[in-house]
Amino acid sequence: MMRFEPVIGLEVHAQLLTRSKLFCACSAAFGAPPNAHTCPVCMAFPGVLPVTNRQAVEFAIRAGLAAGSTIAPSSRWARKNYFYPDLPKAYQISMYEAPICIGGALQFSADGVEKRVRLVRIHLEEDAGKSIHDAQADASLVDLNRAGVPLLEIVSEPDLRSAADAVAYLRALRSILQYLEVCDGNMEEGSFRCDANVSIRPAGSDALGTRAEIKNMNSFRSVENAIDHEIARQIEVVSGGGRVEQETRLWDADRQVTRPMRSKELAHDYRYFPDPDLPPLVVDAAWVEKVRRELPELPAARRRRFETELGLSAYDAEVLTARRDVADYYEAALARHRNPKALGNWVMESILRIVREQKLDAELCIARWPVAPGDLADLVAAIDDGTISGKIAKTVFDEMVTSGKPPRAIIAARGLVQVTDSGAIASAVDRVLAAHPDKVSEYRGGKDKLFGFFVGQVMKATEGKANPKQVNELLKERLG
Ligand SMILES: [Zn+2]
């Protein structure tokens, strides 16, 4: 049987975090009542003129520089013509022959292996509106709030070879856009969406097979399942002597299959031509340099720094740098108490759990997180200086989350200071042993497992406050 190699390229549409739309002053915010964010320009009244949003252009430059693209000194807006009810102009303003960012690459790690995917281009375009099909009213409704919202389209070369790598690429890309503060990366609200071009070829061949474009994937899981399904489908078609059609297919998440939507349009179907209402987009070198100077440290660089300077494992560094807000939080805590490993564990296990539970993921703002980074640092410092045990720290942490109080205040108010007085611990040990003479003789008779029972009893007797190390030592000594 012939072996096949999948070839995958991705087109990502990222909604930019500008306040207004790409060519008018309407708000670009999500979630307003239908058609609240509209004006004659984005509703395409005759005679109106578009004006380019400078912030959107700067965001595109930022993304291009982060990916190592060439920023074109002059690019061109083009009209992409097609008819659809949610597109009142009957064309979309995009970039075709002369995009703003050319080339570049994305470097990321997938399962510990460093990967590099080349980019074809990054360009700006406006989004279309939204059609809502209301079965009850037997009507189709159009909401133009999204019409004209700025999108960044990031097109990769077909360098990906598996669905898992495609997802790793998307995660890395989303992370970079979030670091750059140009996109919130929210897939559910559609501000980060992806289409996949998938083809197969005989293993070892360099030729490209006919590709299908897969749309309608709105989670990382959908992307992975849809691509895996499409690869299997194409192998089945070709193995059965058939031919893969060039077409657009929709991912049906309920049935877990891709199904045909339409035959793929070719560029000439869109009758692209330069938009006569907009002059060439000229970006001078000084502007590009200014944006370059202001670029933040990107996730890959931060990950390496966490590994080399802080001694974190590759895994921990990856988790702590995947989101800029999490990495910022971690570094703010670290500035107050320098215990990289312990603070890393607290952030990964406790802070991220709460952020997920309280659905704060979408808020790129650590000020609103339940525990301030300085308070988390103080909690870890209290463990490190022996004030409390790690076990008590969990109780203190829970109260920090609910009350918002600093850890030292909670420890003092509830009398949680760790007992390190060996006399007090010894008397608790003696009381426990005296209360369980049968267990003591069983232990001495060889039932080693009972040691944990004694530790538990002493901790209970001291309300969890005894220093666990001292408890262990004393028990060993007494039980001989
Ligand atoms: Zn408008």
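Let us start with strand β4, residues 77-81, which is mostly covered: four of its five residues are buried. Buried here means under 20% relative accessible area, exposed means over 50%, and partly exposed lies in between, with a 1.4 Å probe and protein chains only. Strands and helices are DSSP runs numbered from the N terminus, with E and at least two residues for a strand, and H or I and at least four residues for a helix. Before going further, please note that this is a predicted model, in which local features need pLDDT of at least 70 and side-chain atom pairs count only at pLDDT 80 or more, while totals for chains, interfaces and linings use all residues. Residues are numbered from 1 along each chain as its sequence is written, and side-chain values use heavy atoms, leaving out hydrogens and water.

Which strands does β4 pair with? One is β5, residues 91-95, which joins β4 in the antiparallel sense over five bridges. The other is β16, residues 273-274, also antiparallel to β4, over two bridges. Two strands count as paired if DSSP finds at least two bridges between them. A78 is a good residue to look for, since on one side A78 stands opposite S94 in β5, and P274 in β16 also stands opposite A78. Together the strands form an open sheet of three, in the order β5-β4-β16, with antiparallel pairing. β5 and β16 are at the edges with a single partner strand each, so one side of each has no neighbour in the sheet. Strands of a sheet pair through backbone hydrogen bonds, either parallel or antiparallel.

On the way into β16 you pass R271, in the loop between β15 (257-263) and β16. R271 has a positive phi of about 50° although it is not a glycine, and this residue is exposed, with a relative accessible area of 56%. A44 also has a positive phi without being a glycine, near 65°. You will find A44 in the loop between β1 (4-15) and α1 (54-66), where A44 is partly exposed at 24% relative accessible area.

Another pair of strands is worth a visit. β9 (residues 130-134) and β10 (residues 139-143) pair in the antiparallel sense over five bridges, and H133 has S140 of β10 as its bridge partner. The two strands make a hairpin with four residues between them, where D138 takes a positive phi near 50°.

Now to the helices. How far apart are the end C-alpha atoms of α5, residues 299-310? The distance is 15 Å, which agrees with the 16 Å that its twelve residues should span at 1.5 Å a residue; the expected span is 1.5 Å times one less than the number of residues. Its buried residues are P299, R302, R303, R305, F306 and L310. Seen down the axis of α5, these buried residues fall within an arc of 165°, so they line one face of the helix; the arc is that of the directions from the helix axis to the C-beta atoms. The elements that cover them include β7 (105-110), β8 (113-126), α2 (163-179), α6 (314-321), α7 (324-336) and α8 (340-357). Contact, throughout, means heavy atoms within 4.5 Å. Just after α5, G311 takes a positive phi of about 70°.

Helix α7 can be read in a similar way. Its 13 residues should span 18 Å at 1.5 Å a residue, and the end C-alpha atoms are 19 Å apart, which agrees. The buried residues in α7 are D325, V326, A327, Y329, Y330, A333 and L334, and what covers them includes α2, α5, α6, α8 and α9 (373-384).

Further along the chain, E399 has its place in helix α10, residues 390-403. Is E399 buried or exposed? At 19% relative accessibility, E399 counts as buried. Leaving aside neighbours within four places in sequence, E399 is in contact with G404, I410 and R414.

Two cysteines can be looked up as well: C26 is buried at 10% relative accessible area, and C42 is buried at 8%. The structure holds zero disulfides, a disulfide being a pair of cysteine sulfur atoms within 2.5 Å.

Finally, step back to the whole chain. The domain assignment gives domain 1 (4-290), domain 2 (298-413) and domain 3 (422-479), with bounds that come from an automatic or database assignment. Between the centres of domain 2 and domain 3, taken over C-alpha atoms, there are 33 Å.
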